[in-house]
Amino acid sequence: MARITLDDIDVEYPIYNARTRSLKNRLMAMGNSSLRQIVENDSHLLIVQSLKNISMDLRDGDRLALVGRNGAGKSTLLRVLSGICEPGRGTVTIEGSIASMTDISLGMDPEGTGYDNILLRGIFLGMTVKQARAMTPAIAEWTELGAHLERPLRTYSSGMVVRLAFAVSTSISPDILIMDEMITAGDAHFLEKAKKRLESLIENTNIIALASHSPDVLRRFCNKAILLHEGRMLNYGDVDEILSDYDKLS
């Protein structure tokens, strides 16, 4: 059984800069719609309020779509839901194992070989060393990187890094899956393999939170949605209803 509960959370980011006041003046001249919400704390510090008064309760079977313009707070909310970002106010309760696809290469070392990074990324995702070693052959085979796995990650192309990171990140079966857009990097062969692997992972995951600018993707994988605007949740409900409300903001 998996569950995520957010109770009236706020997330704020301090901006420390000697030029804070002049920066604030320039931003204020742009208008509030470009800022989300920026509050002056003192003459040397700005507080950017990324999320404000967000509450929700996700349970088994929930597939949540996050809808909103760029800067609405979607990525920040995904980090909160994955346990990476701690709110400044309110409480977050997470029950169940989590796999976050918001940064699939997090924890990888450019100086390590492909095999080294399978272990590093696996451990970062919560595997034991023994579990990561046991899964290495299957992961290596899926990547089709062959002898490249014996070479440092810094010698890889960006597509090869994505292929390796994706293979490791989708090798576990989490209770909760957090995603920011679908995988779009790589050749046609990789994208088709990745699509099938990801769909299988989604089917076997209890709770999903997905941010995407593609209405088709959100309709296909999600059964409920929230509309974010300037860090606040404007509405929560059916995916088509929320997408309709989003269109009215544009």
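User: Which residues of α4 are called buried, and what does that word require?

Analyst: The buried residues of α4 are Ala 132, Thr 136, Ile 139, Ala 140, Trp 142 and Thr 143. Buried means a relative accessible area under 20%, exposed means over 50%, and partly exposed lies in between, with a 1.4 Å probe and protein chains only. The model is predicted: local features need pLDDT of at least 70 and side-chain atom pairs count only at pLDDT 80 or more, while totals for chains, interfaces and linings use all residues. Residues are numbered from 1 along each chain as its sequence is written, and side-chain values use heavy atoms, with hydrogens and water left out.

User: Against what do the buried residues of α4 pack?

Analyst: They pack against α3 (114–124), α5 and α6 (188–203). Contact here means heavy atoms within 4.5 Å. Helices (H or I, at least four residues) and strands (E, at least two) are DSSP runs, numbered from the N terminus.

User: How do you know that the span of α4 agrees with its 15 residues?

Analyst: The expected span of a helix is 1.5 Å times one less than its number of residues. For the 15 residues of α4 this gives 21 Å, and the end C-alpha atoms are 20 Å apart, so the two values agree.

User: Where in α4 does a kink lie?

Analyst: A kink of about 45 degrees lies at Thr 136, shortly before the proline Pro 137. The bend at a residue is the angle between axes fitted to the seven residues ending there and the seven starting there. Thr 136 is also among the buried residues of α4.

User: What makes the phi of Glu 144 worth a remark?

Analyst: Most residues other than glycine have a negative phi. The phi of Glu 144 is positive, near 60 degrees. Glu 144 comes just after α4, in the loop between α4 (129–143) and α5. Its relative accessibility is 48%, so Glu 144 counts as partly exposed. Asn 53 likewise has a positive phi, near 55 degrees, but its place is in strand β3 (residues 45–59). With 33% relative accessibility, Asn 53 counts as partly exposed.

User: Which residues of α3 are buried, and against what do they pack?

Analyst: Gly 114, Asn 117, Ile 118, Leu 119, Arg 121 and Gly 122 are the buried residues of α3. They pack against β6 (98–100), α4 and α5. After α3 comes Gly 126, with a positive phi near 110 degrees.

User: What makes a set of residues a nonpolar core, and which residues touch the most other members of the largest one?

Analyst: A nonpolar core is a set of buried Ala, Val, Leu, Ile, Met, Phe, Trp, Tyr and Cys residues joined through side-chain atoms within 4.5 Å. The largest has 43 residues, of which Val 67, Leu 164, Phe 166, Leu 177, Leu 210 and Leu 218 touch the most other members. Helix α5 (residues 158–169) gives the most to this core, with 6 residues. Another core, of 24 residues, lies apart from it and includes Ala 2, Val 80, Leu 81 and Cys 85.

User: Why is Leu 51 called buried?

Analyst: The relative accessibility of Leu 51 is 1%, so this residue of strand β3 counts as buried. Leu 51 touches Ile 9, Asp 10, Val 11, Gly 73, Thr 76, Leu 77, Val 80 and Gly 231, residues up to four places away in sequence not being counted. The C-alpha atoms of Leu 51 and Met 233 are separated by 8.6 Å, although the two residues are 182 residues apart along the chain.

User: Why is Thr 76 called buried?

Analyst: The relative accessible area of Thr 76 is 6%, which means that this residue is buried. Thr 76 is found in helix α2 (residues 74–81). Leaving aside residues up to four places away in sequence, Thr 76 touches Val 11, Tyr 13, Ser 50 and Leu 51.

User: How many disulfides does the structure hold?

Analyst: The structure holds 0 disulfides, a disulfide being a pair of cysteine sulfur atoms within 2.5 Å. Cys 85 is buried, with a relative accessible area of 13%, and Cys 222 is buried at 9%.

User: What share of the protein counts as buried?

Analyst: Of its 250 residues, 44% count as buried. The protein has 8 helices and 10 strands.
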